[in-house]
Structures are given as C-alpha cells and as structure tokens.
Amino acid sequence: MSDELPGADALRAEHARLERELKRMEELVELLARDEGFDELDRLAQVLKADMDRHFPAQEKLARSVFDADDAALADLLAQHRDLTTHYRTLLAMIQDVRDDMPVDRERFMTTVRGVLAQLKAHLDAETRLLLPRLDQG
C-alpha cells in the first residue's frame, strides 16, 4: 500500500467500482439461488480479498487524516470495516469449502452472501454520507 492518501476523486472511483461489484453480487445471489453461478465464486473471493487487503486499509488511513481521533464518524467507519472483514472471512471460508467439495449448508451460505451484500451497501452509504463530504471540504 502506498503512503500517499487517496483523495476524494480516488474514493469516488473506488465507490464506483464497489457499486459495480454490488450489482454483480446481486446477480450472483440470484444465480446461486437457482443453483447456478458457482464459477463466479473465485472472482467474488478475489474482490473480497482486495477490499480487505487494499481498500479498507487505504480508506482507514484517509479517514484518520480527516476525522479527529474521537469522532463518532471515524469510529463508525472503522467498526463497519471490522464487521465487514469478519463477514468476508466467513464467506471466504465457505467459498473455499465449496472449492474443496466440502459440504456447505446452502441456507447459511445464501444468508451469508446476502448479509455481506447488505452490509456492503450500508457501508458505501455511510462513506458517502460521512467521509466524502469531509473530503470535499478540503
């Protein structure tokens, strides 16, 4: 990860990418519900890993630079990253089990995928409300 902080334009570009990923995840959920789309799981795993490895750390660094350490908005964004990371790891473990032909409870898997989708949507909304306006101010 670079030491340079991403700016508002870079964050907007990341949001656009994540919005596209959300649409693909929504499509994937529909496919999985019909027992299709399992070939997309590897790509989904790559997206989740990229968020955890690059997007979240860069965004946390940026958020720390614009919010006071005791700002509730910073605490909220960091908590959302922790929660998303926990759920991402759960989903990644399930995807690995599918790859390894291990039994995976279908209902739990679908609930997890839908939960990650809902959490990511809420997180993007929070970033749009809390972080982007602060970056636009200077």
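These are legends for close-up views of a predicted model. Local features need pLDDT of at least 70 and side-chain atom pairs pLDDT 80 or more, while totals for chains, interfaces and linings use all residues. Residues are numbered from 1 along each chain as its sequence is written, and side-chain values use heavy atoms, with hydrogens and water left out.

**View A. Helix α3 from end to end.** Helices here are DSSP runs (H or I, at least four residues), numbered from the N terminus. Helix α3 covers residues 72-99, 28 in total, and its end C-alpha atoms sit 40 Å apart, in agreement with the 40 Å expected at 1.5 Å a residue (1.5 Å times one less than the number of residues). At the N-terminal end, D71 acts as the cap, with a side-chain oxygen 2.8 Å from the backbone nitrogen of A73. After α3 comes D101, with a positive phi near 60°.

**View B. The largest nonpolar core.** A core is a set of buried Ala, Val, Leu, Ile, Met, Phe, Trp, Tyr and Cys residues joined through side-chain atoms within 4.5 Å; buried means under 20% relative accessible area (1.4 Å probe, protein chains only). This one holds 25 residues, and L41, L44, L48, Y88, L91, I95 and F109 have the most contacts inside it. Helices α1, α2, α3 and α4 each supply at least two residues, with α4 giving the most, seven.

**View C. Around I95.** Leaving out residues up to four places away in sequence, I95 touches L41, L44, A45 and F109 (contact: heavy atoms within 4.5 Å).

**View D. H55 in helix α2.** H55 is buried, at 5% relative accessible area. Its contacts, with the sequence neighbours up to four places away not counted, are L11, E14, R17, L18, A50 and E127.

Notes
A polar contact is a pair of N or O atoms within 3.5 Å; within protein, one must be able to donate a hydrogen and the other to accept it, and residues adjacent in sequence count only if both atoms are side-chain atoms. Buried means under 20% relative accessible area, exposed over 50%, partly exposed in between (1.4 Å probe, protein chains only).
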